[in-house]
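Biologist: I am new to this structure and should like to learn how its descriptions are justified. Please show it to me before we begin.

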Amino acid sequence: MDFLQPSTWDEALAAKAAHPDAVPIAGGTDVMVELNFDRRRPPALLDLSRVAPLTEWGTDGDMLRVGAGVPYRRIIEELGGRLPGLAMAARTVGSPQIRNRGTVGGNLGSASPAGDAHPPLLAARAEVELASVRGVRRVPVESFFTGPKRSVLAPDELIAAFRVRTARAGEQFAKIGTRNAMVIAVCSFALALDPVRRTVGTGIGSAAPTPVRATAAEAFLVAELDWDSRGAVPPGVAAEFGRLVAAAAAPIDDVRGTAAYRRHALSVLARRALVWAWEGLR
Ligand SMILES: Cc1cc2nc3c(=O)[nH]c(=O)nc-3n(C[C@H](O)[C@H](O)[C@H](O)COP(=O)(O)OP(=O)(O)OC[C@H]3O[C@@H](n4cnc5c(N)ncnc54)[C@H](O)[C@@H]3O)c2cc1C
């Protein structure tokens, strides 16, 4: 197996163009598991750990551009105040060691329906920045996933960054697992309420072939929330929101849980996330 180790972004893009079969490796917390279990034997690895721009983030007005190689630990420590929903999700990922190595770019690259970064990125209407020697394109995260562990990423492309609006408040993430740490989500839910734009964003994880939004639930809530006086969420509104979120999922029965359990759990998570997020804004 060849080991390609570019030290600049241009070198990385040129290497991917010349070796489209090379598997990028960032934190390695997914790639190394696959290699160790012999599930994958690529002709080459493309190590991205020396490409400095991937580990940088910056602001552009109220937008944030976060390099694909920023690990969860730094999302929590450096961006927790600006991206509260993603930071909540990041805190639930693996263990301190995994959060130290694992990156949001790697989570997107793996495109698992259970990836914990995906629901908050969906809820916040983030965009994924993809690059190749042919140029750069931005894809709404909603259009990025095409199936379980599949995405629109072309063989010669790399994930450069994700772009998302700064939030500060109004975001929540909740995840069900068999215990509190080191678990793949049985299901998860993210909510983003933007009181300035009066928008509602949702993201469902681990309950459909890809991470999905609950668009009917979003439209319902935009109309029902008392944006002007920020009165309490009426119980009937929270219950209906939970029902619409559960209806947007397309879960399966598997070793982690049944479809029926996932739907029920999602309706509970959605109700709770709504109350927590709205109380935070009030
Ligand atoms: C013990 C353990 C616990 C875990 N717990 C969780 C958890 O709770 N929640 C969760 O969501 N995940 C969990 N994971 C999975 C993993 O940590 C995450 O998916 C993580 O985000 C992967 O990031 P990485 O940088 O390590 O990716 P890597 O393993 O380096 O790469 C993952 C995939 O993305 C591709 N890739 C990486 N960077 C790029 C790039 N810039 N451009 C294009 N493709 C790229 C790789 O080729 C590969 O296909 C866990 C893993 C382990 C081993």
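Biologist: Which residues come nearest to the ligand, and what makes a residue count as near?

Modeller: A residue is near if one of its heavy atoms lies within 4 Å of the molecule. The ligand has 33 residues around it, and P24, T29, D30, Y72 and T103 come nearest. This is a predicted model, in which local features need pLDDT of at least 70 and side-chain atom pairs count only at pLDDT 80 or more, whereas totals for chains, interfaces and linings use all residues. Residues are numbered from 1 along each chain as its sequence is written, and side-chain values use heavy atoms, with hydrogens and water left out.

Biologist: Why is the pair formed by the ligand and Y72 called a polar contact?

Modeller: A polar contact is a pair of N or O atoms within 3.5 Å. An N or O atom in the side chain of Y72 is 2.6 Å from an oxygen atom of the ligand, so the pair meets that definition. Polar backbone atoms also take part: that of P24 is 2.5 Å from a ligand oxygen, and that of A26 is 2.7 Å from one. Taken alone, the ligand exposes 990 Å² (Shrake-Rupley method, 1.4 Å probe), and the protein buries 88% of that.

Biologist: Which helix supplies the largest share of the shell around the ligand, and what makes a run of residues a helix?

Modeller: The largest share, four residues, comes from α6. Helices are DSSP runs of H or I with at least four residues, and strands are runs of E with at least two. The elements that each supply at least two shell residues include β2 (23–25) and β10 (158–165).

Biologist: How do you know that domain 1 and domain 2 are in contact?

Modeller: Contact means heavy atoms within 4.5 Å. By that definition, 18 residues of domain 1 are in contact with 22 residues of domain 2. Their bounds, 2–34 + 54–165 and 185–281, come from an automatic or database domain assignment. The C-alpha centres of the two domains lie 24 Å apart.

Key
Polar contact = N/O pair within 3.5 Å; in protein donor to acceptor, adjacent residues only side chain to side chain.
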